[in-house]
Amino acid sequence: MRHGVRLGLDPGDARIGVARSDPTGFLATPLETVRRGGGDLKRLQAIVGEIAEDSEVLEVVVGLPRSLKGGEGPAAAKVRDFAASLARRLAPVPVRLVDERLTTVSAEAMLRDRGRKGSNRRAVVDMAAAVVILQHALDTERATGTAPGEIVEEQR
């Protein structure tokens, strides 16, 4: 397992859920929700900078929405564009895309099971989905010995 903090992102149309791992890459935890729109990439860059003050930031893992059959539609294209812009802003910190099928559904079910209701649940579901995305990436790397997903090239 590579050493360093990883960030996990669940980019949606309204918000971006953010999670982080411990430096050993064992556990993902919720960090914050960033409102989408002007300044969102700048805030994500600031988060990476804040973490980098204390720990090495190994990479940022972004959830890529795919259909149940594995195909990519308009939502995946938007996430690919977002990830490319983020990669340009965060260089040299690598950005990776990982399959996020059903993560929001899993996060909502987990929060519902823990008693979170209505708007209270919606307020944290993006962070919870980011945790699910990042934890899956960590578990995959631990099981396979290779970095998860695909590396994103910077958008010029």
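Colleague: In this predicted model, does Arg6 count as buried or exposed, and what is its relative accessibility?
Modeller: Arg6 is found in strand E1. A residue is called buried when its relative accessible area is under 20%. Arg6 therefore counts as buried, with a relative accessibility of 1%.

Colleague: Which residues is Arg6 in contact with, once its neighbours within four places in sequence are left aside?
Modeller: Contact here means heavy atoms within 4.5 Å. On that basis Arg6 is in contact with Met1, Ala19, Arg20, Ser21, Pro23, Thr24, Gly25, Leu58, Glu59, Leu134, Leu138 and Glu141.

Colleague: How many Å separate the C-alpha atoms of Arg6 and Val48?
Modeller: Along the chain, Arg6 and Val48 are 42 residues apart. In space, their C-alpha atoms are separated by 9.4 Å.

Colleague: Where is Glu59 found, and is it buried or exposed?
Modeller: Glu59, which is among the residues in contact with Arg6, is found in strand E4. Its relative accessible area is 1%, and with the limit for burial set at under 20%, Glu59 is therefore buried.

Colleague: Which residues does Glu59 touch, and how far in space is Glu59 from Pro94, C-alpha to C-alpha?
Modeller: Not counting residues up to four places away in sequence, Glu59 touches Arg2, Val5, Arg6, Leu7, Val93, Pro94, Arg96, Glu141 and Pro148. Pro94, one of these, is 35 residues from Glu59 in sequence, while the distance in space, C-alpha to C-alpha, is 4.9 Å.

Colleague: Why does Ser55 count as buried?
Modeller: Ser55 is found in the loop between H1 and E4, where it touches Val5, Arg20 and Pro23, not counting residues up to four places away in sequence. The cut-off for burial is under 20% relative accessible area. Ser55 counts as buried because its relative accessibility is 19%.

Colleague: What is the relative accessibility of Gly37, and how far apart in space are Gly37 and Ala14?
Modeller: Gly37 has its place in the loop between strand E3 (28–35) and H1. Its relative accessibility is 35%, and since values between 20% and 50% are called partly exposed, Gly37 counts as partly exposed. Gly37 and Ala14 are 23 residues apart in sequence, and their distance in space, C-alpha to C-alpha, is 7.9 Å.

Colleague: What span should the residues of H2 have, and how far apart are its end C-alpha atoms?
Modeller: H2 has 17 residues, and at 1.5 Å a residue it should span 24 Å. The end C-alpha atoms agree with that expectation, because the distance between them is 24 Å.

Colleague: Which residues of H2 are buried, and which elements do they pack against?
Modeller: In H2, the buried residues are Ala76, Val79, Phe82, Ala83, Ala84, Ser85, Leu86, Ala87 and Leu90. The elements that these buried residues pack against are E1, strand E2 (15–21), helix H1 (40–52), strand E4 (57–64) and strand E5 (95–99).

Colleague: Which peptide bond is cis, and what is its omega near?
Modeller: The bond involves Pro92, which lies in the loop between H2 and E5. The cis peptide bond runs from Ala91 to Pro92, and its omega is near 15°.

Colleague: What is the volume of the largest pocket, and which of its lining residues are closest to its centre?
Modeller: The largest pocket has a volume of about 240 Å³. Its lining consists of 13 residues, and those closest to the centre are Pro11, Gly12, Asp13, Ala75 and Val79.

Colleague: Which element supplies the largest share of the lining of the largest pocket?
Modeller: By class, the lining has five nonpolar, two polar and six charged residues. Strand E1 (5–11) and helix H2 (74–90) each supply at least two residues of it. The largest share, four residues, comes from H2.

Colleague: How many helices and strands does the protein have, and what percentage of its residues are buried?
Modeller: From the N terminus on, the elements run β-β-β-α-β-α-β-α-α-β, that is, four helices and six strands. Among contacts between residues at least 6 apart in sequence, 65% join residues at least 24 apart. Of the 156 residues in the protein, the buried ones make up 42%.

Conventions. Residues are numbered from 1 along each chain as its sequence is written. This is a predicted model: local features need pLDDT of at least 70, side-chain atom pairs count only at pLDDT 80 or more; totals for chains, interfaces and linings use all residues. Side-chain values use heavy atoms; hydrogens and water are left out. On a 1 Å grid over the protein atoms alone, a cavity is a set of points where a 1.4 Å probe fits but cannot get out, and a pocket is an open set with protein on both sides within 12 Å along at least five of seven lines; lining residues have an atom within 4 Å of a point. Grid points are joined across faces, edges and corners, and a volume is the space filled by probe spheres set on the points. Ala, Val, Leu, Ile, Met, Phe, Trp, Tyr, Cys and Pro count as nonpolar, Asp, Glu, Lys and Arg as charged, and the others, Gly among them, as polar. The expected span of a helix is 1.5 Å times one less than its number of residues. Buried means under 20% relative accessible area, exposed over 50%, partly exposed in between (1.4 Å probe, protein chains only).
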